[in-house]
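Q: I would like to learn how to read the features of a structure. Can we work through one together?

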Amino acid sequence: MSNSFNDGRRRFVLGAMTASAATALTNVSPLWAAPAGRHFKDQVLTGDIKHLTISEANLAIGSQTGLPITINGQMPGPLIRLKEGQRAQLNVTNQLEQDTSIHWHGIILPAGMDGVPGVSFAGIKPGQTFNYAFDVEQNGTYWYHSHSGLQEQRGHLGPLIVEPADGDIGADREHTIILSDWTFADPHDVMRKLKVAEGYYNYQKRTIFDTLKDVEKEGLAETWRERAMWGAMRMSPRDIADVTGSTYTYLMNGRTPEDNWQALFNVGEKVRLRIINGSAMTYFDFRIPGLEMTVVAADGQPVKPVNVDEFRIAVAETYDVIVQPQERKAYTFFAESFDRSGYTRGTLTPSLGLTAAVPPQRTITERGMAAMGMDGMDMQQSGDMKKGMASSEMDMKKMGQHGEHTMHSDMMKGDMKSSRVLPVEKIDIVHSEEGHGPGAAMIAQNPRPRLDEPGIGLENSSHRVLVYADLVGEHAWPDEREPERQIELHLTGNMERYMWSFDGKKFSEVDGYVRFNYGERLRLILVNDTMMDHPIHLHGMWMELENGQYPRPRKHTISLKPGEKVSLQISADAPGEWAFHCHLLYHMEAGMFRVVQVA
Ligand SMILES: [Cu+2]
């Protein structure tokens, strides 16, 4: 980013803004999300020692009243602003009747300060205060959340911004946008319903009318074959998200789409938007119709600027973008859930009260063979899957041929797009002999890199959508060694039983750690054998994504598409035990969780 920052000008601009913004402050919760953005220093926790109190409170969420877990009385919690180079001291007091915790997501710190009960510490008992203290050695956009049970689903989360040591944010103004998914239901009921029937929240299932339409369009044979295939897999082609807009209210800074969170700008200003996906289960597609966005950071770490019209943000990821509106008019922040079951929105406006059109929601996408990355996916005949297989085995074989065809045309497309060969393409994926056991209902026979694909529902977008292949680190990272060792982990699941796991074993069935040798440079290969997207999060260490770019982008959360394989370089420089898990809350709870030990 350029150093066009000009303090004098910025102060002037803000002075002009203060009067109109001040009137709006009184009704705003959380306070840090006031329309003028940063610079109302009293709304963020900037003292040397920060105190956070966890409790619960009745709060208005849209037109209803919910009982979220609050942090200092707010949901989402306060914006914590730290400065690179300082020592952070954060005292967290638990006023709940159950244990709690705070994990500082994406922050590099000693293992004992990482906030995962049972891994980094014992948790915070009711009535107790835990004093977190660590040196802040990075800057950027991060967040924090509970790592206890399903508390995160109740709003136990908030933004964490670390200012760079030189104070230069590369913009005249900044706004922090945290997206979340709220339910008025008890999260434990949500979990129970998922276990009973994975498709419980999927009200968009195909109907006979959809099928008739397909028959008309594609002919009987093709339609019948596809139905048989989905039947055999016991899933609906619309199973994109486990929990959907049928129960969720999607929030932007705690506000519903009707509440319309507002952010102010002045024409000509460079505005930095810090976008955080604090959802329990929801990927969002984020855009501002009519406004180009320049992506300048991913997961808090700087990347070479990329101009886009839209990006998908997986659960737990953060992106920073710069926008520079040239017209004195309102723009809509539009965050659509990736299964298209709902959205949230806000407004970027030169004066309060203006609104812009809210775009229509796009139509639901189906998990077609190609979109699923199903080419050559092998239905392992184990457990419950087997029963469903018998009647349609023949069709599955036919599907196999169809699949090969799709794969070839995809590969050709890939070749035309790029001649880069990723390290992971040269690595043979190993499936264990039992095919990872009953916890893995299927395995991807030919997993492939999908880093240049925008993901399901965005394949045919007519505008520029960010893909992982676009991300280039702003500078090289300190450890340039070639990896000495390779570890391969498979993301596995049995949708029907709502079992989610690594290598077919849920956390409760695993003994021992995933071991990293202290000081080594290693390559972690992840293979997604399931038919869903999973955002995989490593605590304590960065993962450098081998996406064919140099410098590699580094991330704390990597989202894998169905049937995808990726490779990551990691410097095992953080001694201790660290959580490693899928950041979809109910997947983690179901068992997609491991502990990495660095020793
Ligand atoms: Cu998952």
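A: Start with pairing. Two strands pair if DSSP finds at least two bridges between them. Strand S24 (residues 485-494) and S27 are joined by 7 bridges and run parallel. Leucine 489 has leucine 526 in S27 as its bridge partner. Keep in mind that this is a predicted model.

Q: How many helices and strands does the protein have?
A: The count is 8 helices and 34 strands.

Q: What is the strand order in the open sheet of 6 strands?
A: Read the order as a list of neighbours. Here it is S25-S24-S27-S32-S29-S30, and the pairing is mixed. Strand S25 (499-502) and strand S30 (554-555) are at the edges. Each has a single partner strand, so one side of each lacks a neighbour in the sheet.

Q: Which strands stand at the edges of the open sheet of 4 strands, S5-S10-S9-S7?
A: The pairing in this sheet is mixed as well. Its edges are strand S5 (80-83) and strand S7 (103-105). Both have a single partner strand, so one side of each is left without a neighbour in the sheet. From one strand to the next, the twist averages 25°. S7 is joined to strand S9 (residues 140-145) by 3 bridges, and the two run antiparallel. Histidine 105 is opposite tryptophan 143 in S9.

Q: How many residues of strand S11 are buried?
A: Buried means under 20% relative accessible area. In strand S11 (residues 173-182), 10 of the 10 residues meet that test, so the strand is largely enclosed by the rest of the structure. Check each face in turn. One side carries Arg173, His175, Ile177, Leu179 and Asp181, and the other Glu174, Thr176, Ile178, Ser180 and Trp182; all are buried.

Q: Which strands are joined to S11 by bridges?
A: Among them is strand S14 (residues 271-277), with 7 bridges and a parallel run. Arginine 173 is opposite valine 271 in S14. Strand S12 (residues 249-252) is another, with 4 bridges and an antiparallel run. There, leucine 179 is opposite methionine 252.

Q: Which residues have the most contacts inside the largest nonpolar core?
A: First, the general idea. In soluble globular proteins, nonpolar side chains tend to be buried together. Now this case. The largest nonpolar core has 132 residues, and Trp104, Phe286, Phe333, Phe516, Leu526 and Tyr586 have the most contacts inside it. Strand S27 (residues 521-528) gives the largest share, 5 residues.

Q: What is leucine 526 in contact with, leaving aside neighbours within four places in sequence?
A: The list is Leu489, Leu491, Ile536, Leu560, Glu564, Lys565, Val566, Leu568 and Phe580. Leu489 is also its bridge partner.

Q: What are the protein donors of the copper ion?
A: For a metal site, list the donor atoms and their distances. The protein donors here are His534 (ND1), Cys582 (SG) and His587 (ND1), at 2.0 to 2.1 Å from the ion. Their spacing along the chain is H-x47-C-x4-H.

Q: Are cysteine 582 and histidine 587 buried or exposed?
A: Cysteine 582 is buried, at a relative accessible area of 0%. Histidine 587 is buried too, also at 0%.

Q: What share of the protein is buried, and what does the protein expose?
A: Of its 599 residues, 61% are buried. The exposed area is about 22,600 Å², with 51% of it supplied by carbon and sulfur atoms. Sequence separation adds another view. Of contacts between residues at least 6 apart in sequence, 78% join residues at least 24 apart.

Conventions
Residues numbered from 1 in each chain as written. Predicted model: local features only at pLDDT ≥ 70, side-chain atom pairs only at ≥ 80, totals over all residues. Heavy atoms only, no water. Axes fitted to C-alpha atoms, helices over the stretch in contact; angles between N-to-C directions. Core = buried A, V, L, I, M, F, W, Y, C linked by side-chain atoms within 4.5 Å. Buried < 20%, exposed > 50% of the residue type's maximum accessible area, 1.4 Å probe, protein only. Contact = heavy atoms within 4.5 Å. Donors = N, O, S within 2.8 Å, 3.2 Å for Na, K, Ca; no water. Areas by Shrake-Rupley, 256 points an atom, 1.4 Å probe, with all protein chains shown as cover.
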